[in-house]
Amino acid sequence: MKVLEVQSLNKYYGSLHAIQDLNLHLESGQVLGLLGPNGSGKTTTLGMLLGITLPNSGFYQWFDEPEHHLARLRIGALLETPNFYPYLNADENLAIIAQIKGVQENFSPLLDLVGLGNRRSSKFSTFSLGMKQRLAIASAMVGDPEVLIFDEPTNGLDPQGIAEVRNSIIQIAKSGKTILMASHMLDEVEKVCSHVAILKQGQLLAQGPVGALLGNQVLVEISASGVEMESFIQSLPEVSNVEFENGIYYFQMPENWTGAEINRLAMDKGFTLSHLQLKKRSLESEFLAITKDN
Ligand code: ATP
């Protein structure tokens, strides 16, 4: 089921074209990572989709609900850390948020989901930064919204806090929520998200399942003298990005291909490869490849 459709969304800050013709889609149950370096427009995008920032042009619709303010009631968002009362415990802080939202609920399942079940009676002031952020995530979930939006949810946390927050988001996703989260960290998106949309300077460079965009390819290097390499390479299935440099051909293939299989196909054609190497493309190099020259 479609949860969000964004078409040709544009945002200017004066002469800065901060978001350029953005198209996005989000399906129920997906965890979509909006991935981009600082200043690429992630917060601006989330702000527009939450009705906080006004777009200059374009269209977006949540669910099948044309009224943004009604759709907004079905979305829980965490753009910046809320102010909790330091002298109240987790339960009491959530109760205040529930009161503001006009809902009544038992917070036990929510606190368990973010790993704070056993600390629900502890004062907020005794929490680590990671615990505070997990309570913030729980607060966005008060009222049981269908969709959750998180802006850089692990920013400013130590490695343990980062791991705890990521784990909480994974648990929330498993519970069936649809999530849209901004991140500038590739490994975070790979660990937490099912889908990714890559933003650079306000432009969407790619969108799709994480596996398809971030590294299910191997980089193959081969060379052999005196044979028609180009046609051999093109005869291999699902080959892409063929390049030739200093006597070596470079290309990509799906990661389930092995050197032995490529070697066998070459031998079937009657020649021996003088060089054969397969490298798994790292996320970093994949991200750089997507963002370079764009
Ligand atoms: P970060 O992770 O650093 O917050 P981001 O990807 O969320 O980055 P945005 O905060 O959306 O990016 O910023 C996108 C661009 O718009 C940046 O160049 C930023 O300087 C600019 N910008 C953001 N908000 C405003 C504003 N209120 N007025 C003017 N320019 C702005």
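**Entry 1. F63**

I started at F63, which is buried, with a relative accessible area of 7%. I note here that the model is a predicted one. F63 sits in the loop that runs between β4 (57–62) and α2 (68–72). I looked up its backbone angle and found a positive phi of about 50°, although F63 is not a glycine.

**Entry 2. Q201**

Next I took Q201, another residue that is not a glycine and has a positive phi, here about 45°. Its place is in the loop between β8 (195–200) and β9 (203–209). Is Q201 buried or exposed? I find 59% relative accessibility for Q201, so it counts as exposed, the cut-off for exposed being over 50%.

**Entry 3. S40**

I went from Q201 to S40, because Q201 is on the list of residues that S40 touches and S40 is buried, with a relative accessible area of 1%. Leaving aside residues up to four places away in sequence, S40 touches A18, I19, L199, K200, Q201 and G202. S40 lies in the loop between β3 (31–35) and α1. A polar atom of its side chain is 2.7 Å from the backbone oxygen of P37. Both P37 and S40 are listed around the ligand, and I turned to that next.

**Entry 4. The ligand shell**

Which residues surround the ligand? I wrote down Y13, L16, A18, P37, N38, G39, S40, G41, K42, T43, T44 and E152. By class, I have 4 nonpolar, 6 polar and 2 charged residues in this shell. Two elements, β2 (16–27) and α1 (42–49), supply at least two residues each. The most comes from α1, with 3 residues.

I then looked for side-chain N or O atoms beside oxygen atoms of the ligand. For T43, I find such an atom 2.7 Å from a ligand oxygen. For N38, a polar side-chain atom lies 3.3 Å from an oxygen atom of the ligand. For E152, the separation between a side-chain N or O atom and a ligand oxygen is 3.4 Å. On its own the ligand has 630 Å² of accessible area, and the protein covers 56% of that.

**Entry 5. Helix α1**

Since α1 gives the most to the shell, I checked how covered this helix is. Of its 8 residues, 7 are buried. I list the buried ones as K42, T44, T45, L46, G47, M48 and L49. After α1 comes G51, with a positive phi near 75°.

**Entry 6. D151**

I followed T43 to a polar contact with D151, made side chain to side chain at 2.9 Å. D151 has its place in strand β6 (residues 147–151). Is D151 buried or exposed? I have it as buried, because its relative accessible area is 11% and buried means under 20%. Not counting residues up to four places away in sequence, D151 touches T43, L46, L78, L79 and A182. I also took one long distance: D151 and F251 are 100 residues apart in sequence, and their C-alpha atoms are 36 Å apart in space.

**Entry 7. Nonpolar cores**

Which members of the largest nonpolar core touch the most other members? Of its 41 residues, I noted L94, L135, I137, F150, I169 and I179. The largest share of this core comes from helix α5 (residues 129–141), which provides 7 residues. I took L94 as an example and listed its contacts beyond four places in sequence: F107, L110, L111, L135, A138, S139 and V142. There is also a second, separate core of 25 residues, which includes V3, I19, L46 and A71. Two of these names were already in my notes: I19 among the contacts of S40, and L46 among those of D151.

**Entry 8. The whole chain**

I finished with totals. The secondary structure of the protein chain comes to 11 helices and 13 strands. Along the principal axes, the C-alpha atoms fill a box of roughly 75 × 45 × 35 Å. Of the 294 residues in the chain, 46% are buried. Taking contacts between residues at least 6 apart in sequence, I find that 66% join residues at least 24 apart. The accessible surface of the chain is about 14500 Å², and carbon and sulfur atoms account for 49% of it.

Definitions and conventions. Residues are numbered from 1 along each chain as its sequence is written. This is a predicted model: local features need pLDDT of at least 70, side-chain atom pairs count only at pLDDT 80 or more; totals for chains, interfaces and linings use all residues. Side-chain values use heavy atoms; hydrogens and water are left out. A residue is near a molecule or strand if one of its heavy atoms lies within 4 Å of it. A polar contact is a pair of N or O atoms within 3.5 Å; within protein, one must be able to donate a hydrogen and the other to accept it, and residues adjacent in sequence count only if both atoms are side-chain atoms. Accessible areas come from the Shrake-Rupley method with a 1.4 Å probe; for residues, only the protein chains shown count as cover. Helices (H or I, at least four residues) and strands (E, at least two) are DSSP runs, numbered from the N terminus. Ala, Val, Leu, Ile, Met, Phe, Trp, Tyr, Cys and Pro count as nonpolar, Asp, Glu, Lys and Arg as charged, and the others, Gly among them, as polar. Buried means under 20% relative accessible area, exposed over 50%, partly exposed in between (1.4 Å probe, protein chains only). Contact means heavy atoms within 4.5 Å. A nonpolar core is a set of buried Ala, Val, Leu, Ile, Met, Phe, Trp, Tyr and Cys residues joined through side-chain atoms within 4.5 Å.
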